[in-house]
Amino acid sequence: MGGHTDGSVVIVGAGVFGASAALELRKRGHSVTLLDPGPVPHVLAASTDISKVLRMDYGADEFYMELMEAAFEGWDAWNEGWREPLFHQTGMLLLAGGPMAPGGFEHDSYQLLRARGHHPERLSAAQIKERFPSWDPADHPEAYFNPRAGWAESGEVVARLIADGKKLGVKVYGGAEMRSLIEQGKRVVGVRMADGREFEAEYVVVAAGAWSPSLLPQIGDLMWSTGQPVFHFRVEDIGSFQPPKFVVWSADIASTGWYGFPALDDGTVKVANHGPGRRQAAAEPRQVDSGYEEMFRAFFRRSLPALAEAPMISSRLCMYCDTWDGDFWIDYDPDREGLLVAAGGSGHGFKFAPMLGPIIADVLERKPNHFAHRFRWRRRGEPKTEDARYS
């Protein structure tokens with residue numbers, strides 16, 4: 001079996017990393033095969049949900065703010081090109097757990113936004129209550145509203161990217177579960193599937209999200225899969241939970257992990273918590289611990305009383321692929337030629353979808369990219385303090 005020299009690419013995983021990479025690489029002329037054990041999109045992928053937050057607020061971390069400024073331009077362009085927009089710019093309310101002070105996530109985000117020419121609006125407790133009446137600001141006496149934020153219909157976005165890739169000639173295979181890499185010496189020349197099929201290519205990109213550490217044991221000390229609770233509730237007074245009275249929000253996110261979304265037109269309100277989560281393999285049964293619902297309702301009783309008794313429609317354990325430092329992993333494996341890992345979304349990758357494809361493609365083609373250095377292959381070190389990573 002000989003290695004390819006035609007620029008062909010096999011991508012393992014059709015989530016947001018894989019789908020965006022497939023589309024971009026095909027646009028650049030590569031022969032692209034996209035594999036997923038799924039159906040495609042995979043119903044258990046982190047990106048396959050009704051919504052993900054789109055925001056540029058990252059505390060004092062200017063890198064991610066700059067990256068998201070560029071991503072928003074991409075979201076605008078996608079909206080213009082799609083039949084129906086899938087990015088909804090509602091703005092976002094970022095509530096602080098006390099007075100906004102230097103070193104706090106909300107304060108530092110607010111100041112950096114202003115320094116970069118944005119126009120967030122700082123709000124007192126009285127202004128929070130007047131403008132967003134569902135909130136009891138007792139635990140969150142200050143906040144700011146960032147109009148350049150919102151949410152995307154995440155599952156639909158991934159489906160659209162895959163459909164657009166197919167139109168350009170990306171070969172998509174669902175029900176294709178990777179069993180192992182095909183290696184010649186130190187070079188990876190393809191992948192072997194559980195059913196015995198083999199797909200050869202010059203480059204293999206593993207973009208399998210929470211499944212990546214299981215597929216590539218050599219990265220198990222660099223990233224791992226973690227389950228985080230997501231709940232959907234039903235409200236009757238839908239208008240009270242839709243813009244402008246209710247928008248995408250976070251509540252002292254760096255300390256508590258709370259964030260959520262406005263109601264859909266059917267009354268569905270999604271609320272989630274990015275906390276320690278539960279480390280487990282992506283293939284293990286996904287059970288939402290029984291204590292989570294009461295934890296959510298206790299938060300509602302304090303801060304969103306109108307949701308305290310709202311019926312729960314469904315719950316879900318969203319599987320993150322967390323890296324040790326919270327930054328994504330987009331680089332060649334230094335020990336295996338031809339193998340590129342594009343994973344480690346760490347619960348905050350989806351929002352950058354318009355930028356992920358170009359970054360992955362530039363790294364694969366060994367072209368310079370202004371943002372790629374943050375996602376290079378790196379040694380395990382002391383974990384950084386993470387202000388907020390949520391999806």
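Select F87 in strand β4 of this predicted model. The bridge partner of F87 is A152, which belongs to β8. Now widen the selection to β4 and to strand β8, residues 150-152. These strands run antiparallel and are joined by two bridges. Add β3, and an open sheet of three strands appears, in the order β3-β8-β4 with antiparallel pairing. The edge strands are β3 (52-54) and β4 (87-88), and each of them pairs on one side only.

**The six-stranded sheet**

Next, select β9, β2, β1, β13, β21 and β20. These six strands form an open sheet in the order β9-β2-β1-β13-β21-β20, and the pairing is mixed. β9 (171-173) and β20 (329-332) stand at the edges with a single partner strand each, so one side of each has no neighbour in the sheet. Look along the sheet to see the twist, which averages 15 degrees from one strand to the next.

Keep strand β1 (residues 9-12) and strand β13 (residues 203-206) on screen. In which sense do β1 and β13 pair, parallel or antiparallel? They pair in the parallel sense, over four bridges. Pick I11, and V205 in β13 is found opposite. Then show helix α1, which packs on this sheet and touches β1, β2, β20 and β21 (339-343). The direction of α1 makes about 170 degrees with that of β2.

**Helix α1 and its helix neighbours**

Leave α1 (residues 16-27) displayed and add helix α5 (residues 154-168). Their axes come within 9 Å and cross at roughly 25 degrees. Angles under 35 degrees count as roughly parallel, and α1 and α5 are therefore roughly parallel to each other. Their crossing is left-handed. To see the contact, show the side chains of V16, A19, S20, L23, R26 and K27 in α1, which meet V158, L161, I162, D164, G165 and L168 in α5. Coloured by class, the residues of this contact divide into seven nonpolar, two polar and three charged.

Now hide α5 and show α9. At what angle do α1 and α9 pack? The angle is about 65 degrees, and the axes are 8 Å apart. The crossing of α1 and α9 is right-handed. On the α1 side, select V16, F17, S20, A21, E24 and L25. On the α9 side, select A353, L356, G357, P358, I360, A361 and L364. The residues in this contact divide into 10 nonpolar, two polar and one charged.

Stay with α9 and add helix α2 (residues 62-81). The two helices pack at an angle of about 105 degrees, with their axes 7 Å apart. That makes α2 roughly perpendicular to α9. α2 contributes L67, A70, A71, G74, W75 and W78 to the contact, while α9 contributes A353, P354, M355 and I359. By class, the contact of α2 with α9 has nine nonpolar, one polar and no charged residues.

**A salt bridge**

Select D362 and R28. They form a salt bridge, with their closest N and O atoms 2.8 Å apart. D362 is in helix α9 (residues 353-364), R28 is in the loop between α1 and β2 (32-35), and the pair links distant parts of the chain, 334 residues apart. The count of salt bridges comes to 23.

**A hairpin**

Move to strand β10 (residues 178-184) and strand β11 (residues 187-193), which pair in the antiparallel sense over six bridges. Pick I182, whose bridge partner in β11 is G190. The hairpin of β10 and β11 has two residues between the strands, and G185 there takes a positive phi near 65 degrees.

**Backbone details**

The last stops concern single points in the backbone. Most residues other than glycine have a negative phi, and most peptide bonds are trans.

- Select V40 and P41. The peptide bond from V40 to P41 is cis, with omega near -5 degrees. P41 is in the loop between β2 and β3.
- Select P243 and P244. A cis peptide bond joins P243 and P244, with omega about 5 degrees. P244 lies in the loop between β14 (223-234) and β15 (248-251).
- Select S346. Its phi is near 55 degrees, a positive value in a residue other than glycine. S346 is in the loop between β21 and α9.

Terms used
Residues are numbered from 1 along each chain as its sequence is written. This is a predicted model: local features need pLDDT of at least 70, side-chain atom pairs count only at pLDDT 80 or more; totals for chains, interfaces and linings use all residues. Side-chain values use heavy atoms; hydrogens and water are left out. Axes are lines fitted to C-alpha atoms, for helices over the stretch in contact, and angles run from 0 to 180 degrees between N-to-C directions. Angles under 35 degrees count as roughly parallel, over 145 as roughly antiparallel, 65 to 115 as roughly perpendicular and the rest as oblique. A crossing is left-handed if the near helix is turned anticlockwise from the far one by less than a right angle, and right-handed if clockwise. Contact means heavy atoms within 4.5 Å. Ala, Val, Leu, Ile, Met, Phe, Trp, Tyr, Cys and Pro count as nonpolar, Asp, Glu, Lys and Arg as charged, and the others, Gly among them, as polar. Two strands pair if DSSP finds at least two bridges between them. A salt bridge is a side-chain nitrogen of Lys or Arg within 4 Å of a carboxyl oxygen of Asp or Glu.
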